Each structure stands twice: as C-alpha cells, then as structure tokens.
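Visitor: Please take a close look at how helices pack against one another here, pair by pair, and at any backbone detail in the loops that deserves a second glance.

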Amino acid sequence: MNVGILGGGQLGRMLALAGLPFGMHFTFLEPADAACAADVGHQIKRAYDDPDGLTELCELSDVVTYEFENVPVHVAQSIQARRSIFPPPEALRVAQDRFIEKSTFKELDIDVTPFAAVSSLPELTAAVGTIGLPAILKTRRMGYDGKGQFMIRTAADIDNAWSTLGPNDFILEAFVPFKREISCLGVRSRTGEMAFYPVAENQHRAGILRISTPRANDPLQAQAETFTQRMLERLDYVGTLGFEFFDLGDGRLLGNEIAPRVHNSGHWSIEGSRCSQFENHMRAVAGLKLGDTSLRGPCAMVNFISTAPSAAELSGMPGVHPHLYGKSPRPRRKIGHATVTANDSAMLQQRVDRLVALLPKQD
Ligand code: AMP
C-alpha cells in the first residue's frame, strides 16, 4: 500500500518506520530541506497547500494521513475529494481552534476549566470579571509548546497581556491548580474498533514535554478512556488521537487539548507497548486490525531538546533505546528521544535519572 503523509518531520519518520514492515511505501509532502522523514520515503518538496504538490501526493498514494495538526482544513478537504484521508478533516477543524475544541468537550460532557472567547481588550476585561484570576490568555489558533500564552495574575496584567499578544482571537481560561498532567492515547480503526494506551504522566519544562511515563492501573484510566472514546466517536475518527488532561487530584480530570495525530507523550510505546502508537495509527489508516496496546513492562520516554547525547554514549546505557531524528540541533527543537525500559519502577527511575543527568538543566 502507498501512503501519503502531509509533513515530513520526526512523526512522519516514525510512522513510516512502523508501516514499512507491513509492506507500505511512503511519500511525504514537506517543503523543508533536510526533512528527517526523507530517510524513509520519497519527499515532494512543495508547500502543504501547493496544488501540484497535492496532486502528486494523491497520485502516488492509496491513502493519505498527516503528522501535524496545522494542515489547513481546506487542504485536507481537497484531498478527501480525491483519496481517503484519515483522521477526517473535521478532527483538524476542532483541534485547530482552542475555543471550538473546548466547546466540543463541553458538548460531550467532558469536564473543562471555565473559558471564554475574547477578541478585544473590553472583552478581555469582561471575561476576567466572569472567569476570575489567575487566568491564562491563549491564542485560539496556532499555539504550541506554550507559545502565544500569557498568564494574567492580577487586574494590572490585563493591558500588558493584550499589548503583548494582541490583537488576535483568544480564549481566556481559568488557571487550573492541577496535581498532574496526563495524556491518553486512543486509536480507532476504519470499522470503529477502539483501543487505548495506559495513561501517561507528563513532565514539562519551559512549555516543552521532557519526560512521559505510562502508568499501569492508574486510578484515572477509566475516566481518561471514557473522555477519549467520546472524542473518537464524535469525530468519526480513524487513527491515533492524543488527549491531554489536567488531574485535579480529587478524582476529576479536566480536558485540556487534543492532538489529531500520534503524540509525543506516546513515544515510549515503540519499545514499551506490544504495538506502538505509530504502528496502530498505520494499521487504522490502512484499514487493518488494531494491535495490542498493553505495556511490555515499566518504561518512560525522555525527550532530547536542543541537544542530545551521542549515539556512542547512549549505546553504553542498559535499557536505553535511542531515537535520534537526524535533525540539526537548534534551541527548543526536539531532535530525538529515548525510551527507557526496566524490570521494575526503582530500576526505571535510576535509568531515567542517569540519562537526564547527561542533558542540560536549561535550554
Ligand atoms: P497548552 O498549549 O494549552 O497545552 O498549554 C501548555 C501548558 O501550559 C500545559 O501543558 C500546562 O502546563 C499549562 N497550562 C495550559 N493551560 C492551563 C490552565 N488553564 N491552567 C493551568 N496550566 C495551564
């Protein structure tokens, strides 16, 4: 089967690595030079909305998917008129706008922090009045890794927030004093079969995911799965979906955001699960049966941001499985990760600590 992917970064690369054993061939539509997915497939070096590029992608593909959520919805729809594209364009529409996303959570009875749409300074002042402080002002579209966000602690911050980020369309969200951030990866096949990975506990620094650890038998697994299942069904989804939650510490989860694609907080599944999030995404998109999402044993994922240990260093570390993406180092750039595996949680912690000690304390 020939698979087309919009985007040619590390997620595309890992999708292809998971699909190759099934005899799949990959074409990436990606304008960047030195795209790291080009090592494992054919690259069409054109913009994501370039008509000739899209025609070539469709001609070379039996089915199309994507590896980033900012694919313009009209581009996904234009592909849909010619080839099957999964996940459906509706998933992009919902995930690209934080206000539509959180409104969808509410419709589906997925708990969410109080929020309001804001498009002017007077609307911001009014929203602070209803939602209260502290609150976070976020751009509705195109925000990632904490970009386009401003924490409003006191009324004196309102003007500053607006002049720093505005004018734009925003969502104002009540600040959540969460205990943990967790994510649930769910996958749905073309026939509606669903499977869920164990929820992962996520540690961020400076707005970027650093460490993700799946928890077997987490008390909030059932709630996270229920919420993720509602989204999968509402979107008539096909593929892997990432759903990030705030754990309030009192048994309640609040939905934060979805990613209509494979997700960084599921990278441990390559060695840590019987079937990885990448393989399951490719199985779903290709119309195959889903694989087993259960854990092989204790594991965690450590991201390499800006810089990475050398292959030689990593090769000497027991239980450390490197994934270096072949990208050139740059500040705040994800250039690789490692899955750490162990026989028990104490050994896992020790191995994670040893790996983290090789990384810079700040970016
Ligand atoms: P986001 O881009 O919405 O995932 O936000 C990036 C990070 O900011 C999250 O992973 C949280 O650590 C933090 N954050 C976002 N929204 C809130 C909120 N409403 N309350 C508290 N922390 C938040």
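Guide: What follows goes through three helix pairs and then turns to the backbone of three loops. The model is a predicted one, in which local features need pLDDT of at least 70 and side-chain atom pairs count only at pLDDT 80 or more, whereas totals for chains, interfaces and linings use all residues. Residues are numbered from 1 along each chain as its sequence is written, and side-chain values rest on heavy atoms, with hydrogens and water left out.

Two packed helices are described by the angle between their axes and by the distance between those axes. Helix H1, residues 10-19, packs with helix H10, residues 277-285, at an angle of about 70°, and their axes lie 8 Å apart (helices are DSSP runs of H or I with at least four residues, strands are E runs of at least two, both numbered from the N terminus; axes are lines fitted to C-alpha atoms, for helices over the stretch in contact, with angles from 0 to 180 degrees between N-to-C directions). H1 and H10 are therefore roughly perpendicular to each other (65 to 115 degrees; under 35 is roughly parallel, over 145 roughly antiparallel, and the rest oblique). On the H1 side the contact (heavy atoms within 4.5 Å) involves Leu11, Met14, Leu15, Ala18 and Gly19, which meet Phe278, Glu279, His281 and Met282 of H10. Sorted by class, this contact of H1 with H10 has six nonpolar, two polar and one charged residues (Ala, Val, Leu, Ile, Met, Phe, Trp, Tyr, Cys and Pro count as nonpolar, Asp, Glu, Lys and Arg as charged, the others, Gly among them, as polar).

The next pair is formed by helix H2, residues 51-60, and helix H3, residues 73-80, whose axes come within 10 Å and cross at roughly 40°. H2 and H3 are therefore oblique to each other. Leu54, Leu57 and Cys58 of H2 make the contact with Val75, Ser78 and Ile79 of H3, and the residues of this contact divide into five nonpolar, one polar and no charged.

Turning to the third pair, helix H6, residues 121-131, and helix H7 have axes that come within 10 Å and cross at roughly 135°, and that makes H6 oblique to H7. From H6, the residues Leu121, Leu124, Thr125 and Val128 meet Ile158, Asp159 and Trp162 of H7. The contact of H6 with H7 comprises five nonpolar residues, one polar residue and one charged residue.

The loops come next. Most residues other than glycine have a negative phi, and most peptide bonds are trans. In the loop that lies between helix H7, residues 158-165, and strand E9, residues 170-174, sits Pro167, and the peptide bond leading from Gly166 to Pro167 is cis, with omega near -10°. A cis peptide bond also runs from Phe86 to Pro87, again with omega near -10°, and Pro87 is found in the loop between strand E5, residues 84-85, and helix H4, residues 89-95. Ala206, for its part, has a positive phi of about 50° although it is not a glycine, and its place is in the loop between strand E12, residues 200-205, and strand E13, residues 208-214.
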